[in-house]
Amino acid sequence: MNQSLSPHSLPRKRLGFFSRLLDQASAAERYRLVSEQIQHAEAHGFDTAWVAQHHFHEAEGGLPAPLVFLSHVAARTQRIRLGTGIVTLPMENPIRVAEDAVVLDLLSGGRLEFGVGTGGTPESFTAFGLRSDDRARIYAQHLAVLRNAWAGLPLPGGDRLYPAGPQLLSRIWQATFSAAGAERAGLAGDGLMLSRTQPRSAEAPGASLADIQNPLIDTYLAALPAGTAPRILGSRTLFVAEDRQRALQLADVGLRRSLARAAAANPGGPASQWGPDAPLAQLLAAYDVHVGTPDEVIASLRADTALARVTDISFQVHSIDPPHADILRSIALTAQYVAPALGWWRDDAPVPPATASAPVLAPALA
């Protein structure tokens with residue numbers, strides 16, 4: 001790898017690990033495995049760990065209660081910051097969310113990063129007595145209540161949150177696919193969360209992820225109040241292995257599994273049109289996946305001009321979803337080789353891992 005440019009000559013990016021808790025296991029085992037993955041990430045110097053909230057749909061995400069899970073993780077970690085990526089705020093009572101988030105932040109020693117969004121699965125809203133079409137309006141209302149509660153302002157009826165959480169107001173992140181959402185986050189001085197992949201429009205089906213996300217970054221930066229430091233998190237699918245062939249084999253298994261689920265959920269969509277025999281290269285491009293040896297993924301990620309502009313990088317293995325041992329090894333390789341090539345360096349005293357940190361031997365491919 002080219003070492004001519006020291007990463008310390010550039011602004012340091014924060015490195016994150018992200019999970020939707022989709023390991024091929026029971027719910028309890030998913031929680032145990034991802035807790036171990038986050039502890040492993042901390043031991044290798046990662047700055048942040050993010051988990052997503054999903055209601056009802058096991059194949060979409062395994063965690064309906066992210067603040068409960070992160071409280072568990074907080075008790076098993078020392079330094080790594082813990083983030084929600086995201087809380088689906090329209091489906092939640094914002095005062096209860098505000099209370100739980102403050103308690104978690106205090107118990108964790110001020111380590112909570114709070115990502116929110118409108119939620120993405122339309123059918124999930126019905127069980128909550130809501131319509132998906134109303135989610136943008138409800139989201140805006142709930143986010144305003146959340147801010148007021150944390151600020152210690154009077155709530156309807158006159159009560160105030162105890163304990164209040166003014167420290168969390170500067171740690172709100174908003175996830176979005178749209179320029180309007182990027183502007184909303186910028187005007188509020190919040191962080192901007194960019195997804196690992198985005199749908200392509202009919203007008204530009206071959207657009208790269210950077211083509212889609214660079215305008216969102218431009219809009220966000222233009223909307224930020226003067227003097228407010230930008231916070232931009234770029235999430236990407238990344239799976240690193242010493243053996244390129246094994247990495248591609250696991251990617252083939254995982255992406256075809258995702259393709260089959262997408263085709264079943266949307267029979268008329270692109271996934272059903274590709275068919276089960278779509279070339280792996282097509283799936284890698286469609287899911288915006290970076291996979292291979294360290295040198296290969298470094299080259300792939302360096303070509304992403306949007307990723308070069310973010311302040312925070314968050315890597316996830318979805319939708320490859322390899323076995324646990326391979327995830328642990330990918331985390332270690334990312335910290336050792338990949339992230340330093342992208343503007344990150346370890347900025348902590350090493351934390352002893354909760355589990356063995358010796359090189360993880362990859363099991364035989366199922």
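A crossover is called right-handed if, with the strands pointing away from the viewer, the path from the first strand over the helix to the second runs clockwise. Helices (H or I, at least four residues) and strands (E, at least two) are DSSP runs, numbered from the N terminus. The model in these views is predicted: local features need pLDDT of at least 70, side-chain atom pairs count only at pLDDT 80 or more, and totals for chains, interfaces and linings use all residues. Residues are numbered from 1 along each chain as its sequence is written, and side-chain values use heavy atoms, with hydrogens and water left out.

**View 1. Strand β4 and the two units it belongs to.**
Let us start with β4, residues 112–117. This strand joins helix α4 (residues 135–151) and β5 in a right-handed β-α-β unit. On its other partner's side, β3, helix α3 (residues 94–107) and β4 also build a right-handed β-α-β unit. Strands pair here if DSSP finds at least two bridges between them. Strand β3 (residues 81–88) runs parallel to β4 and is joined to it by 5 bridges; look for Thr84, whose bridge partner in β4 is Phe114. Strand β5 (residues 172–175) pairs with β4 over 3 bridges, again in the parallel sense, and Val116 has Gln174 as its bridge partner in β5.

**View 2. Strand β4, residue by residue.**
How many of the 6 residues of β4 are buried? The count is 6 of the 6, so the strand is largely enclosed by the rest of the structure. Buried means under 20% relative accessible area, exposed over 50%, and partly exposed in between (1.4 Å probe, protein chains only). In a regular strand the side chains alternate between the two faces of the sheet. Follow β4 and you will find Leu112, Phe114 and Val116 pointing one way, with Glu113, Gly115 and Gly117 pointing the other.

**View 3. Strand β1 between β9 and β2.**
Strand β1 (residues 14–19) is mostly covered, with 5 of its 6 residues buried. Strand β9 (residues 312–316) pairs with β1 in the parallel sense over 4 bridges, and Leu15 has Ile313 as its bridge partner in β9. Strand β2 (residues 48–51) is also a parallel partner of β1, over 4 bridges, with Thr48 in β2 as the bridge partner of Gly16. Helix α1 (residues 27–43) completes a right-handed β-α-β unit with β1 and β2.

**View 4. The covered face of helix α2.**
Which residues of α2 (residues 66–74) are buried? They are Pro66, Leu67, Phe69, Leu70, Val73 and Ala74. Seen down the axis of α2, these buried residues fall within an arc of 155°, so they line one face of the helix; the arc is that of the directions from the helix axis to the C-beta atoms. An α-helix has 3.6 residues a turn, so residues three or four places apart point the same way. The cover over the buried residues of α2 includes α1, β2, β3, α3 and β4.

**View 5. Phe69 and the nonpolar cores.**
A nonpolar core is a set of buried Ala, Val, Leu, Ile, Met, Phe, Trp, Tyr and Cys residues joined through side-chain atoms within 4.5 Å. The largest one has 65 residues, and those with the most contacts inside it are Ile38, Phe46, Phe69, Phe114, Val116, Trp150 and Val338. Zoom in on Phe69: leaving aside its neighbours within four places in sequence, Phe69 is in contact (heavy atoms within 4.5 Å) with Leu21, Tyr31, Val34, Ser35, Ile38, Val51 and Leu63. Apart from the largest core lies another, of 17 residues, among them Ala241, Leu280, Val289 and Val291.

**View 6. Two loop residues with positive phi.**
Leu21, in the loop between β1 and α1, has a positive phi of about 55° although it is not a glycine. Phe56, in the loop between β2 and α2, is another residue other than glycine with a positive phi, near 80°. Are these two buried or exposed? Leu21 is buried, at 0% relative accessible area, whereas Phe56 counts as exposed, at 54% relative accessibility.

**View 7. Two cis peptide bonds.**
Gly85 and Ile86 are joined by a cis peptide bond with omega about 20°, and Ile86 has its place in strand β3. The peptide bond from His318 to Ser319 is cis too, with omega near 10°. Ser319 sits in the loop between β9 and α11 (324–338).
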